[in-house]
Amino acid sequence: MNAISFENVNKSFHRQSALIDFNLQIPENTIVGVAGRNGAGKTTMLEIISGLQTPSSGRAAVYGFPVTSLEVQSNSIFVEENMAFPAHFTLGEILAAGAEQYTFWENAVALPLFQYFEFKMSAKIEQLSKGQKRLFQALFGLCTRAPLTLMDEPLEGMDETIRKDFMEALLKDYIQKPRTILISSHHLKEIENLLEYLLIIENGHNILFSSIEDLRHSVLEITGPIAELQQLLTGREIIFEEEISPGILKAVFYYSGSKDKFSSFHCTWSSISDIYTYLVKKKGGIRDVYHSTSSQRNYS
Amino acid sequence: MLHDQSEKPIYKQIAEWLEEEILAERLQENAKVYSQYQLAEIYTINPATASKGLAILVEEGTLFKKRGLGCFVSPGAQKNLLAKRKATTLKTLLSSSVKEAGYLGITKEEFQKLVEQEWENQKGDKK
């Protein structure tokens, strides 16, 4: 069964489109990475899944239920920057409330976890630093063990060692209690090994949804003389190409099969984070900005 | 053990690591192999990825599955792996030698002569 299903979903705010003809099917009990530039529509998508926003048109469902239904609300958690806890509660009281509210919460796991990250149960949320607060929110989300766990940029503000520890906790907890986890992040390289699927959103469109392992051998980067490459590349779906020096072309394209066919050129499989970068790269790129300024300069 | 920078997919690295454990006899015939969840925890990777590593080895006959019990090392796995590695390693070395010869403009006959000379050299050394 699909945990999440979007059919032709559109969402606009003040005539500005945030999601456009958005289609998506996410199998249950998988960890899905959500990548995209700022403003691409990641948060809007997560807000629709969590019932905080309703689609302007189209259909969004969680386990077959409309996203705003009570079933969905009581079985999901949305970790985001503005996730609020009662200000006058101590951390210990917040966790006790979590244990009461969420069916799958296990104090035997949750309490040692918060202890490991050195949270004082007598402290209050407003006494935490920005980074500690983000960590507390993310750990709370993890401990709810909600069948649908949504995390919007949970790693933001955490230092590197904490990020590593948190991701290891996330994976171990997922193995103990499989559930559907969506995690958006700008740190794709750091999270890619945890993921089963990757979703890339660009300008409100779902431009890629793929199993991570399939993706690893599906995009080739090739460098060589333009004339020879152009012949090889006709009819292929090219993601990115650039003349890196006069007459020499670098091209990135979808390809499945053995790369031996291109062995006379410099040719490698793109890494996951490179695929992401090529897919969302602006035309021309920074190189062109500097190229045009340097050509205007007069050295004589 | 796993290299993030490696061009090889993680599941292939997992499969190769298990092969090396078998070659080194740290995993013996009929011994139970780590489950996908154990592998996922050892390497902090998604269990689906770990499972794909096991699946390759089952497909190749290096491991066999017992329903509900997990994966085990097939009888004769070590011997088969040795043979497989010999075949592929030698082939890879030959392929890059021939390619290099091509860059240097060496003909097929010259290359064959080189191989014969090298063969004689090494055989000669042994005497």
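**View 1. Six strands of chain A form an open sheet.** In this predicted model, the strand order is β6-β7-β8-β3-β9-β10 of chain A, and the pairing is mixed. The edges are β6 (76–79) and β10 (205–211) of chain A, each pairing on one side only. On average, neighbouring strands are turned by 15° against each other, direction ignored.

**View 2. Strands β7 and β8 of chain A pair in the parallel sense.** β7 covers residues 148–152 and β8 covers residues 180–184 of chain A. The pairing runs over 5 bridges. Within it, M151(A) stands opposite I183(A) of β8(A).

**View 3. Helix α10 of chain A lies across three strands: β3, β9 and β10 of chain A.** The helix spans residues 272–280 of chain A. β3 comprises 31–35 and β9 comprises 197–202 of chain A. Helix α10 of chain A runs at about 20° to β9(A).

**View 4. UniProt lists "domain: ABC transporter" for residues 4–228 of chain A.** The annotation comes from an unreviewed entry. Over residues 4–228, chain A is 35% helix and 31% strand. The end C-alpha atoms of that range are 45 Å apart.

**View 5. Chain B meets chain A through 14 residues from each chain.** On the side of chain B that touches chain A, α1 (10–23), α2 (36–43) and α3 (47–59) of chain B each give two or more residues. The largest share, 4 residues, comes from α3(B). By class, this side of chain B has 8 nonpolar, 3 polar and 3 charged residues.

**View 6. The domain assignment of chain B gives domain 1 (10–75) and domain 2 (78–126).** Taken over C-alpha atoms, the centres of these domains of chain B are separated by 32 Å.

Notes
Residues are numbered from 1 along each chain as its sequence is written. Chains are lettered from A and ligands numbered from 1 in the order in which they are written. This is a predicted model: local features need pLDDT of at least 70, side-chain atom pairs count only at pLDDT 80 or more; totals for chains, interfaces and linings use all residues. UniProt positions are given in the numbering used here, feature names are shortened, and annotations may be inferred rather than shown by experiment. Domain bounds come from an automatic or database domain assignment. Two residues are in contact if their C-beta atoms, placed from the backbone, lie within 7 Å. Ala, Val, Leu, Ile, Met, Phe, Trp, Tyr, Cys and Pro count as nonpolar, Asp, Glu, Lys and Arg as charged, and the others, Gly among them, as polar. Two strands pair if DSSP finds at least two bridges between them. Axes are lines fitted to C-alpha atoms, for helices over the stretch in contact, and angles run from 0 to 180 degrees between N-to-C directions.
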